[in-house]
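Please open the model in a viewer and keep the selection tool at hand. The tour below proposes a series of selections and states what is to be found at each.

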Amino acid sequence: MLSTKKKSGRTQTMTIRPPQESGVVPEDKANAVELRNVSVTYGTTVALAGLELTVARGETVALLGPSGSGKSTALKAIAGFEQPSGGRILLDGVDVTGTSPAQRGIGVVVQSYALFPHMRIDANVAYGLKARKMPKAQIAARVKSMLAMVGMEDHAHKLPRQLSGGQQQRVAIARALAIKPQVLLLDEPLSALDASLRAEMLIELQALRSELPEIAMVYVTHDQSEALTLADRIAVMRNSRLEEIGTADQLYNRPASAFTAKFLGGASLLPAVSTTVVAEPGSLASVMVGAHRMKALAPFALVPGDRAQVAVRPHAWQVSTRSQETSVSAVNSLPGRVESVQWRGAGHRLQVDLIGIAERVTVDLPALSAVPAPGDLVVLTVDPTHVVLVPAGAVA
Amino acid sequence: MLLHAKSARFTIWAFLAAALLLLVGAPLLVTFMAAFAGSWNGVLPSNPTLDHVGGALATDNLSSLMVSLQTALFASLLAVLLGTWAALCACSSPANSAVSRVSDAVFHLPAAVPSVVVGLGLLTAFSKPPLLLNGTVAIVILAQTLLVLAFAYSTVSAATRDADPLIPLAAASLGASRLRVLVTIRLPLLLPSIVAAAGLAVALCMGELGATVMVYPASWRTLPVTIFTLTDRGALFDAAANTLVLIAVTVTVLAVIAKFRGKTAVR
């Protein structure tokens, strides 16, 4: 049971429960969605290049990436809104590549919600059921149950324009789930909402997810917190390609690429040169960052002289001030000068220019910690388990 | 241009009001006065009479009015149907694509060509078998349809381009066939624009003369043709009375259409 506060100040209680007729969780964990080398091109522009992706039943996969990375195109290809120029799309093992959206039976919630503006809320939710020629009595019952599921039963006779963004989003979800899809696609469903409502709806989506264990979900977002909250696995997209896919923990703590480290968690990347042999991926490696020695987790094999980058999350740094510019020799300690300090409510964000290395790192300090001032000399220290090596190379 | 001074704003508005009065108001006022004038020898008309208006509402002229109404309504219906269909087809191809550009050019062409040329073209094209339309009602309706088609197409086309393309896709993802999406989603969303196109088409058809005068058969004389004939004969007061009737009927039809349009605008 979730409680949400309306703008009027009245508390609205929203109970999320599965549709009454929902089936039993299938034991078979076959792939609900499978993309085999799917490409989408517009003329000479490649919008999606050779995407390989599987989503199991009951699994949520987030497609995360910046604008133009191909994540929405991938979703449109699954929904049948875009015809792939290459590759195959399978739903429950059946090739649906050439079929129309109507034949796929997928629930889709888009960024603008795409509610039918000339129809009342109950008619919007009933639309897919009427298209399936369901008996009227059953349609009425299903509509009632779906609207109750998202806490919108009191708004059944309103038009979409009479609802707030968050309410419209709930209706869009109810409409998509009314047809009992095996796959639910959500394309940036929270991006049109303000920050507080977005946080509220994220909690509701999380609750909804747990109440619909049989549905495979593909969630497109550019917001890492949404992906980390909702997804079992995250597929990081970049330049129309899949950069990396893995669990949230994997990608956050052991990113395999500099782009993932930077995009998911805003890690600072520093060029490094290996000084040890790492034969077994996952062990600690010694590297030199400028003239400073650092120890870091190496997810790949290394030999001395190999170039890589160390990735450190902003919150992983420890900061201590120092009175003058003395040399710093301790492992995993880097000297720097504070360039700027931003207060961010829950803490402070520092930009620190490293001394002896032409790099700037971002440091997040928790609230109540001593905050240095711009221009202060500091030593940044980080635990080796919070430093991970990623391959050398440009991020952009 | 941004005008902040009150006096400057007043000057601009006064100039605009004077221009409108001179260009639109004066001809209408003169027509109105002439419709009720027994004679007009000085600055103002004299011997006011209802004879001309009575004549305009007599059986002969009323049949002209009915011809105009029927032609306008039928031609507008055809133009709106054809224009909507073309706009829906054009919007299914990407903007600025070859299909879209060709479609725009073809459907806008009649508006770019003088109406007399359209009339002449139709006469030339359909005066010999196998398609012999010369002297029939059909050629009048065809001429007016062609002339207003561009406006109908433009109005609906602009609405289709502005519409959220994800709405019909969302309907399709819910299992609706293309026909169901068209009938239950796309056309209802376009209805305000379709009605607006119909209003514009009716207004244009009711006053159309250039092409009609070249193709009309004697048995199918529209009111603008009657007004032109009366003016040509020097019966200016009768022409003015018929013009008043034409304006009144056109405004009434447009008011009905506007009321219907208001009902369709639920968004």
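The stops that follow begin with chain A, pass through the contact between the chains, and end in chain B. Please note at the outset that the model is predicted.

**Stop 1: chain A as a whole**

Select chain A and display it as a cartoon. Its secondary structure amounts to 9 helices and 22 strands. Of the 396 residues in chain A, 51% are buried. When contacts between residues at least 6 apart in sequence are considered, 66% of those in chain A join residues at least 24 apart. Switching to a surface display shows an accessible surface of about 17,200 Å², with carbon and sulfur atoms accounting for 52% of that area.

**Stop 2: salt bridges in chain A**

Over all chains, the model contains 12 salt bridges. Several of them can be visited in chain A.

Select A:E34 and A:R36 first and show their side chains. These two form a salt bridge with an N to O distance of 2.9 Å. Is A:E34 buried or exposed? The residue is buried, at a relative accessible area of 18%, while A:R36 is partly exposed at 32%.

Next, select A:R120 and A:D122. Their closest N and O atoms lie 3.1 Å apart, and the pair forms a salt bridge. A:D122 is buried, with a relative accessible area of 17%; A:R120, at 38%, counts as partly exposed.

Then move to A:R349 and A:D364, whose side chains meet in a salt bridge at 2.7 Å, N to O. This pair links distant parts of the chain: A:R349 lies in strand β19 (residues 347-354) of chain A and A:D364 in strand β20 (residues 360-366) of chain A, 15 residues apart. Now add A:E339, A:D353 and A:R360 to the selection, as salt bridges with shared partners join these residues into one network.

**Stop 3: the contact between chain A and chain B**

Colour the two chains separately and select the residues at their contact. Chain A contributes 24 residues and chain B contributes 19 residues. About 1,900 Å² is buried between chain A and chain B, and carbon and sulfur atoms give 68% of this area. Which three residues of chain A supply more than any other three of the area that chain A buries against chain B? They are A:F81, A:H118 and A:Y127, which together supply 30% of that area. A search for salt bridges between chain A and chain B returns a count of 0.

**Stop 4: helix α7 of chain B**

Select residues 166-173 of chain B, which form helix α7. This helix is mostly covered, with 6 of its 8 residues buried. The buried residues of α7(B) are B:L166, B:I167, B:A170, B:A171, B:A172 and B:S173. To see what covers them, display α8 (178-206) of chain B and, from chain A, α2 (101-104), β8 (107-109), α3 (121-131) and α5 (165-178); the cover includes these elements. Beyond the helix, select B:G175, which follows α7(B) and has a positive phi near 105°.

**Stop 5: a buried valine in chain B**

Select B:V140, in helix α6 (residues 137-162) of chain B. B:V140 has a relative accessibility of 0% and counts as buried. What is B:V140 in contact with, leaving aside its neighbours within four places in sequence? The contacts are B:T71, B:T212, B:V215, B:Y216, B:P217 and B:W220. One of these, B:T71, is 69 residues away from B:V140 along the chain, yet their C-alpha atoms are separated by 7.5 Å.

**Stop 6: cysteines of chain B**

A search over all chains gives a count of 0 disulfides. Select B:C91 as an example: B:C91 is in no disulfide, and the nearest cysteine sulfur, belonging to B:C89, is 8.4 Å away. Select B:C205 as well; this residue is buried, with a relative accessible area of 3%.

**Stop 7: a nonpolar patch on chain B**

Finally, show the surface of chain B and select B:W13, B:L16, B:L20, B:L22, B:L23, B:V24, B:L28, B:I247 and B:V251. Together these residues make a nonpolar surface patch of about 920 Å². Helices α1 (6-35) and α11 (236-264) of chain B each supply at least two of the patch residues. The most is given by α1(B), with 7 residues, whereas B:V251 is found in helix α11 of chain B.

Terms used. Residues numbered from 1 in each chain as written. Chains lettered and ligands numbered in written order. Predicted model: local features only at pLDDT ≥ 70, side-chain atom pairs only at ≥ 80, totals over all residues. Heavy atoms only, no water. Patch = residues over 30% accessible without salt bridge, like charges linked within 9 Å, V, L, I, M, F, W, Y side chains within 5 Å. Areas by Shrake-Rupley, 256 points an atom, 1.4 Å probe, with all protein chains shown as cover. Salt bridge = Lys/Arg side-chain N within 4 Å of Asp/Glu carboxyl O. Helix = DSSP H or I, 4+ residues; strand = E, 2+ residues; numbered from the N terminus. Buried < 20%, exposed > 50% of the residue type's maximum accessible area, 1.4 Å probe, protein only. Contact = heavy atoms within 4.5 Å. Disulfide = S-S within 2.5 Å. Buried area = accessible area lost by both parts, 1.4 Å probe.
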